2 protein chains.
Amino acid sequence: MFSKACEYGIRASIFIAKNSYEGRRVSPKEISEEINSPQAFTAKILQALVKNNLINSVKGAYGGFEIEKDKIAAIKLSHIVKAIDGDNIYNGCGLGLETCDENHPCPVHYKFKEIRDGLKEMLESTNLEELALDIKTGIAFLKTY
Amino acid sequence: MFSKACEYGIRASIFIAKNSYEGRRVSPKEISEEINSPQAFTAKILQALVKNNLINSVKGAYGGFEIEKDKIAAIKLSHIVKAIDGDNIYNGCGLGLETCDENHPCPVHYKFKEIRDGLKEMLESTNLEELALDIKTGIAFLKTY
DNA sequence: TATAAATAGGATAAAAATATCCGAAATAAG
DNA sequence: CTTATTTCGGATATTTTTATCCTATTTATA
Ligand code: FES
Ligand code: FES
C-alpha cells in the first residue's frame, strides 16, 4: 500500500509528535530504535519531512526533531503520505493506466475509485494528535515488540 | 497499491477472458500490445497465472493463452492479486509492523482495517466476466490510447 | 573561541522489482 | 517424421527502492 519510506515516515512522525507534547526533541537514533527502522534511512526520510514543513529540525547540541505543539493536530496523515509517496495513491489508476480518466476508464475504475476515495478520506481526516495520544496511553504501538 | 506485475496480470487476464468468450487464444505478443505492457515480462506473469490454475496455456502451433468459458465468472480479482502479490494487502499492517495484530495494534489499525477490508471485499466480489464484458462493450479500456 | 553534539547531504552499496534474451520442450499440421 | 509455431524456464540486465557511510555544517554551552 505505502512504501517502506512512507511507513517509517508516518511512524516517526507519530513518535516525534508524542515527544513534542512532552517537550522533548528526539534524534534519528532514538526514533529508529523506538519505531524499529534503519537509522540512516530514517534520517533521510526525516529530511524530506523537514523540507515539506511537516516537522522541525534543530541542529547542533541539544538539537533534534520536533513538531510545534499547536501544529500537531493540523498535520494529517495525507500530508505525510503525499510528501513521501506523492499523490499516485490519490489519483492513480488501480490497474496502472497512465492516467485515471473517467472518460476513458479501466474496467475496475468505479469500484476502485470508491476504495481510493475512502482511503483518501481516511488519511485526510486522521491527524497526528490522535495517533500520538494512542501511543501515549499505550493502546497502540509503533513496533511489534 | 498493486505491483506493476499485478497490474499487468489483471489487465492480461481480462483481455484473455474477453478473447476466450470469442473462442480465440492469444499470445504474449498480442496481449502486451493490447494492454500496453512489456512482452517478455508479461509472459513471465502469465506463467505464474498458469501455475496458479487461473488461466490455461496451450503450447505449440495454434497455441496461446485462454480461460475455459465456464470458469471465467468464477475467477475473482482477489485470486489474481493473491497469486501475484501475495496476501500482504489483505492481512498486512498499514504502517508496516511485522504483523497486524488486534491485540498489539498500530495507531491506524482500526481505520486502516476498514479500508483494507473494503478493498478485499471489492476484489472478492469482482469477477473476470463482468470486467471482460465492459471491454467487449467498449465502456472500459485496458490501455490509455 | 573552542569543543562537543547534532542535522544535512552527497556518495555508495545492497536488495528487490522490473525487464530482456535465448535455448529447450511441446504440439499441430503438412 | 519434419517443420513451423508457441510456451517454458533459466540466465542476465536494468531500474528503483531500500539502506549505509562519511564529511560538512550548524549550534549550544563551557
Ligand atoms: S481508470 Fe483505472 S482506476 Fe480510474
Ligand atoms: S496493526 Fe497496523 S493495521 Fe493492524
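## Opening question

Which polar side-chain atom lies 3.1 Å from a phosphate oxygen of DNA strand C? It belongs to Tyr8(B).

## Basis of the model

This is a predicted model: local features need pLDDT of at least 70, side-chain atom pairs count only at pLDDT 80 or more, and totals for chains, interfaces and linings use all residues. Residues are numbered from 1 along each chain as its sequence is written, chains are lettered from A and ligands numbered from 1 in the order in which they are written, and side-chain values use heavy atoms, with hydrogens and water left out.

## Chain fold

Chain A holds 8 helices and 2 strands. Helices (H or I, at least four residues) and strands (E, at least two) are DSSP runs, numbered from the N terminus. Read from the N terminus, the order in chain A is α-α-α-β-β-α-α-α-α-α. Along the principal axes, the C-alpha atoms of chain A fill a box of roughly 55 × 30 × 30 Å.

## Symmetry of the pair

A turn of 180° with a shift of 0.0 Å along the axis lays chain A on chain B, at an RMSD of 0.0 Å. That is the relation of a two-fold axis. The C-alpha of Met1(A) is the one in chain A nearest the axis, 2.3 Å from it. Both copies use the same surface: 100% of the contact residues of chain A recur in chain B. The superposition is by least squares on the C-alpha atoms of residues with pLDDT of at least 70 in both copies.

## Interface of chains A and B

Chain A gives 39 residues to the contact, and chain B gives 39 residues. Contact here means heavy atoms within 4.5 Å. The two chains bury about 3400 Å² between them, with 67% of it on carbon and sulfur atoms. Met1(A), Leu95(A) and Pro107(A) supply 20% of the area that chain A buries against chain B, more than any other three residues. Buried area is the accessible area (1.4 Å probe) that two parts lose on being put together, summed over both.

There are 2 salt bridges between chain A and chain B. One of them joins Lys111(A) to Glu130(B), with the closest N and O atoms 3.2 Å apart. The rule for a salt bridge is a side-chain nitrogen of Lys or Arg within 4 Å of a carboxyl oxygen of Asp or Glu. Across the same interface, 14 residue pairs are in polar contact, both residues at pLDDT 80 or more. A polar contact is a pair of N or O atoms within 3.5 Å; within protein, one must be able to donate a hydrogen and the other to accept it, and residues adjacent in sequence count only if both atoms are side-chain atoms. On the chain A side, helix H1 (4-21), helix H7 (109-124) and helix H8 (128-136) each give two or more residues. H7(A) has the largest share, 6 residues. By class, this side divides into 23 nonpolar, 9 polar and 7 charged residues. Ala, Val, Leu, Ile, Met, Phe, Trp, Tyr, Cys and Pro count as nonpolar, Asp, Glu, Lys and Arg as charged, and the others, Gly among them, as polar.

## DNA strand C

DNA strand C has 26 residues around it, and the closest are Lys44(A), Gln47(A), Ser57(A), Gly60(A) and Pro38(B). Sugar and phosphate make up 65% of the strand C atoms that come within 4 Å of the protein. A residue is near a strand if one of its heavy atoms lies within 4 Å of it.

Two side chains of chain A reach bases. A polar side-chain atom of Lys44(A) is 2.4 Å from a base oxygen of strand C. A side-chain N or O atom of Gln47(A) is 2.9 Å from a base nitrogen of strand C. The surface near strand C has 12 nonpolar, 8 polar and 6 charged residues.

## DNA strand D

Around DNA strand D there are 28 residues, with Tyr8(A), Pro38(A), Lys44(B), Gln47(B) and Ser57(B) nearest. Of the strand D atoms within 4 Å of the protein, 69% are sugar and phosphate. Ser57(B) places a side-chain N or O atom 2.6 Å from a phosphate oxygen of strand D. Lys4(A) has a backbone N or O atom 3.0 Å from a phosphate oxygen of strand D. A polar backbone atom of Ala61(A) is 3.5 Å from a base oxygen of strand D.

H3(B) supplies the largest share of the surface near strand D, 4 residues. That surface has 14 nonpolar, 8 polar and 6 charged residues.
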